[in-house]
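This report describes selected local features of one protein model. The sequence and the structure are shown first.

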Amino acid sequence: MYLSIGNDMAVRERSIIGIFDLDNTTVTARGRAFIQEAEKAGEVIPCDDLPKSFVLTSQYGMTRLYLTGLNTATLEKRMK
């Protein structure tokens, strides 16, 4: 199954490691450093102009961080 994350983008549900709220994650220095390292490595894929959350995936040895305008509760409901 696939999870629609906005702007005609979808990810495989079995490749999802986690869905994280962007506001809560960027409060800590460790969270900000994680996102900055992913940006440097070219692993960040923006899906919306104003992201509220991000979906972390890993498939075929490649990690991707999708920034989405949907909140975590909406993404959780779509998975069920």
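Is Thr25 buried or exposed, and at what relative accessibility?

## Thr25 and its surroundings

The model under discussion is predicted. Thr25 counts as buried because its relative accessibility is 16%, and the limit for a buried residue is under 20%. The residue belongs to helix α1, which covers residues 22-25.

Leaving aside residues up to four places away in sequence, Thr25 is in contact with Phe20, Gly31, Arg32, Ile35 and Phe54. One of these contacts, Phe54, stands opposite Leu67 of strand β6.

## Strand pairing around β6

Strand β6 spans residues 62-68 and pairs in the parallel sense with strand β4, residues 44-46, over three bridges. Within this pairing, Pro46 has Leu67 in β6 as its bridge partner.

Strand β5, residues 53-59, also pairs with β6, but in the antiparallel sense and over seven bridges. Leu67 thus recurs in this description, since Phe54 stands opposite Leu67 and Pro46 is bridged to Leu67. β5 and β6 form a hairpin with two residues between them, and Tyr60 in that turn has a positive phi of about 55°.

## The loop between β1 and β2

Two residues with positive phi are found in the loop that separates β1 (2-6) from β2 (9-12). Asn7 is found in this loop, and its phi is near 50°, a positive value in a residue other than glycine. Asp8 is likewise found in the loop between β1 and β2; this residue is not a glycine either, yet it has a positive phi of about 60°.

Asn7 counts as exposed because its relative accessibility is 51%, and the limit for exposed is over 50%. Asp8 is exposed as well, with a relative accessible area of 85%.

## Nonpolar cores

Which residues make up the largest nonpolar core? The nine residues are Leu3, Ile5, Val11, Ile16, Cys47, Val55, Tyr66, Leu70 and Leu75. Apart from this core lies another, of eight residues, among them Leu22, Ile35, Leu65 and Leu67. In soluble globular proteins, nonpolar side chains tend to be buried together.

Cys47, a member of the largest core, touches Ile5, Gly6, Asn7, Met9, Tyr66, Leu67 and Thr68, not counting residues up to four places away in sequence. Ile35 and Leu67 of the other core also appear in the preceding sections: Ile35 touches Thr25, and Leu67 is the bridge partner of Pro46.

## Salt bridges

How many salt bridges does a search of the whole structure find? The search finds two. In one, the side chains of Glu37 and Lys40 meet at 3.8 Å, N to O. Both residues lie in helix α2 (residues 29-40), three residues apart, about one turn of the helix. Glu37 is partly exposed, with a relative accessible area of 49%, whereas Lys40 is exposed, at 68%.

In the other, the side chains of Glu76 and Lys80 meet at 3.9 Å, N to O. Glu76 is partly exposed, with a relative accessible area of 46%, and Lys80 counts as exposed at 79% relative accessibility.

Methods. Residues are numbered from 1 along each chain as its sequence is written. This is a predicted model: local features need pLDDT of at least 70, side-chain atom pairs count only at pLDDT 80 or more; totals for chains, interfaces and linings use all residues. Side-chain values use heavy atoms; hydrogens and water are left out. Helices (H or I, at least four residues) and strands (E, at least two) are DSSP runs, numbered from the N terminus. Buried means under 20% relative accessible area, exposed over 50%, partly exposed in between (1.4 Å probe, protein chains only). Contact means heavy atoms within 4.5 Å. Two strands pair if DSSP finds at least two bridges between them. A nonpolar core is a set of buried Ala, Val, Leu, Ile, Met, Phe, Trp, Tyr and Cys residues joined through side-chain atoms within 4.5 Å. A salt bridge is a side-chain nitrogen of Lys or Arg within 4 Å of a carboxyl oxygen of Asp or Glu.
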